[in-house]
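This report goes through a predicted model. It takes up the backbone, the sheet and the helices in turn.

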Amino acid sequence: HVPKTIDNDLDLPHGIPTFGFQTSRHIGVDLVKNLMVDALTTSRWYFVVTMGRKAGHLALGIGKAAGATLTLIPEEFSRPVRLSQLADILFGSILKRLRMGRADGVAIIAEGLVEALDPHDMAGMENVERDQHGNLRLGEINLGELLKHEVEKRLKTYGLAATIVSKNIGYELRCADPIPYDMEYTRDLGYCAAQFLLDGGNAAMVSIQNGRLTPIPFENILDPATGRTRVRMVDVESESYHIARRYMIRLSHEDLEDANEVAQYAATLKLSPETFRTRFGYLVTNERKST
């Protein structure tokens, strides 16, 4: 086998991508940068849902490279996650941007969050079509619209106004012509796969590590409990993810610990500072503090 998926979630060594990921990220960044310009010039928000059934590599790769306002991925949450929590995070980002004098923003949302949702929030989705593996067809669930509806309810409750547009980018990414990186990478993988077979090899994932063919036996990457390939998740304890979070505009420990900021946010929502902290403080409970 060769490591084919734009999700970048196969159990390969750190830093070795699956082919298609770099192309999809590249195209996704261009699309999101265009949406960021439109958001700025029209004073609106975009909730952009990207592919990634289990892991948030693609969403985070696009959001971090493009400089999107924030990115939400499954790995950052304890499971199950409530739809209300995701909506509160997005609402908090809108509030923070307004405090900065900006009425625009772009949030990148990994579609895999659907599978992490609390079953109570999945009510009414029992008839959603499933694939041959029994997985929900995530394309049938409009996560962006669900979150838009929930955030709009919060805006109305607190007397705030914001225009939100939900948008899915998926098939545009995986059907794009490969960038030079993937052109070269797949040529190498194909050659190495053929050579591996000609040399009598079998039952392995072909990888290229330090410039050399390195077959990874299937038995080393399969989950013995499921018989399926283990999923490589985003390491939310890594410096790479921490840096991504520091560039996101969302309510943080610093906001909740600054009495002046809390007072300003609370006044905007016509709440007392204590009520504001009680209502939104839970959003930063698991956030890694800046040092």
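Where does Pro-80 lie? Pro-80 is found in the loop between E2 and H3, and a cis peptide bond, with omega at about 0°, joins this proline to Arg-79. In general, most peptide bonds are trans, and most residues other than glycine have a negative phi.

Two residues other than glycine have a positive phi in this predicted model, namely Ser-43 and Ala-203. The table sets out their loops and values.

| Residue | Phi | Loop | Relative accessible area |
|---|---|---|---|
| Ser-43 | near 55° | between helix H1 (21–42) and E1 | 41%, partly exposed |
| Ala-203 | near 55° | between helix H7 (180–198) and strand E5 (204–205) | 42%, partly exposed |

The loop that holds Ser-43 leads to E1, and E1 belongs to an open sheet in which 4 strands are arranged in the order E2-E3-E1-E4, with parallel pairing. Because strand E2 (70–72) and strand E4 (163–169) stand at the edges and each has a single partner strand, one side of each is left without a neighbour in the sheet. From one strand to the next, the twist averages 20°.

The pairing of strand E1 (residues 44–50) with E4 is made by 7 bridges, and these two strands run parallel; within this part of the sheet, Val-49 stands opposite Asn-168 in E4. Helix H3 (residues 83–99) packs on the sheet, where it touches E1, E2, strand E3 (105–110) and E4, and the direction of H3 makes about 180° with that of E2.

A further helix, H5 (residues 143–157), has 15 residues and reaches 21 Å from its first C-alpha to its last, which is close to the 21 Å expected at 1.5 Å a residue. Which residues of H5 are buried? They are Leu-143, Gly-144, Leu-147, Lys-148, Glu-150, Val-151, Arg-154 and Leu-155, a set in which Lys-148, Glu-150 and Arg-154 appear alongside leucines, a valine and a glycine. The buried residues of H5 pack against the strands E1, E3 and E4, and also against H3, helix H4 (113–116) and helix H12 (273–280), so that E1, E3, E4 and H3 come up here again as partners of this helix. After H5 comes Gly-159, with a positive phi near 70°.

How values were computed:
Residues are numbered from 1 along each chain as its sequence is written. This is a predicted model: local features need pLDDT of at least 70, side-chain atom pairs count only at pLDDT 80 or more; totals for chains, interfaces and linings use all residues. Side-chain values use heavy atoms; hydrogens and water are left out. Two strands pair if DSSP finds at least two bridges between them. Axes are lines fitted to C-alpha atoms, for helices over the stretch in contact, and angles run from 0 to 180 degrees between N-to-C directions. Contact means heavy atoms within 4.5 Å. The expected span of a helix is 1.5 Å times one less than its number of residues. Buried means under 20% relative accessible area, exposed over 50%, partly exposed in between (1.4 Å probe, protein chains only).
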